[in-house]
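Here is a short briefing for a first look at this structure. Keep the sequence and the model side by side while reading.

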Amino acid sequence: MLTTKKKLEIELSEAFIKFQRELIGRGPQEAKTYIVEDMIILRFKGVLTTEEKHLVSHNTGKSLVKKMRQVLREMYSKEYEEIIEKHTGCKVLSSHSDTSTKTGERIEVFVMEQNISKLLET
């Protein structure tokens, strides 16, 4: 099931872009996945919508955008973890997310039950 590290990183990036397009109506401008031992780290650039970009220029807007993104992430955390588990065949122990209102980037970190890097070496 697991192939090369590079191929899995690309597959995960594409799966998350597709999911976000279905969820929000648009995906990030750029997505990059990094597999580091027992962690999978996804970095999304250009995630803010036009409306969110306007809102983050104001302090109240920044907190609204952060809160909305946190609520959406919590609502769909199960689906996010299922994407990871489907592509890796490994269980997600925990996941963490944050969106920067300054740069328009979002980071997703998944801590896995196993060292994915080692599984890909075999």
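## Cavities, a helix and a hairpin

The second largest cavity is lined by Gln-20, Ile-24, Arg-26, Gly-27, Pro-28, Val-47 and Arg-69. This is a predicted model. The points below cover its cavities, its first helix and a pair of strands.

**The second largest cavity**

- This cavity holds about 30 Å³ of space.
- Its lining has 3 nonpolar, 2 polar and 2 charged residues.
- Gln-20, one of its lining residues, is also among the buried residues of helix 1.

**The largest cavity**

- A search of the whole structure turns up 2 cavities of 30 Å³ or more.
- The volume of the largest is about 90 Å³.
- Its lining is made by Leu-23, Ile-24, Arg-69, Leu-72, Arg-73, Tyr-76, Tyr-80, Thr-99, Arg-106 and Glu-108.
- Three elements each give two or more residues to this lining: helix 1, helix 3 (59-75) and strand 4 (106-112).
- Helix 3 provides the largest share, with 3 residues.
- By class, the lining of the largest cavity counts 5 nonpolar, 1 polar and 4 charged residues.
- Ile-24 and Arg-69 line the largest cavity, and Ile-24 and Arg-69 also line the second largest one.

**Helix 1**

- Helix 1 runs over residues 5-24 and has 20 residues.
- From its first C-alpha to its last, helix 1 reaches 28 Å. That is close to the 28 Å expected at 1.5 Å a residue.
- Which residues of helix 1 are buried? They are Leu-8, Glu-9, Leu-12, Ser-13, Ala-15, Phe-16, Ile-17, Phe-19 and Gln-20.
- Gly-25 comes just after helix 1 and takes a positive phi of about 100°.

**Strands 1 and 2**

- Strand 1 (residues 30-36) has a covered face made of Ala-31, Thr-33 and Ile-35.
- Its uncovered face carries Glu-30, Lys-32, Tyr-34 and Val-36.
- In which sense do strand 1 and strand 2 pair? Strand 1 and strand 2 (residues 39-45) are antiparallel, and 7 bridges join them.
- Ala-31, on the covered face of strand 1, has Phe-44 in strand 2 as its bridge partner.
- The hairpin of strand 1 and strand 2 has 2 residues between the strands. In this hairpin, Glu-37 takes a positive phi near 50°.

Note on methods. Residues numbered from 1 in each chain as written. Predicted model: local features only at pLDDT ≥ 70, side-chain atom pairs only at ≥ 80, totals over all residues. Heavy atoms only, no water. Helix = DSSP H or I, 4+ residues; strand = E, 2+ residues; numbered from the N terminus. Expected span 1.5 Å × (residues − 1). Buried < 20%, exposed > 50% of the residue type's maximum accessible area, 1.4 Å probe, protein only. 1 Å grid on protein atoms, 1.4 Å probe; cavity = no way out; pocket = protein on both sides within 12 Å on 5 of 7 lines; lining within 4 Å. Points joined across faces, edges and corners; volume = space filled by probe spheres on them. Nonpolar A, V, L, I, M, F, W, Y, C, P; charged D, E, K, R; others polar. Pairing = 2+ DSSP bridges.
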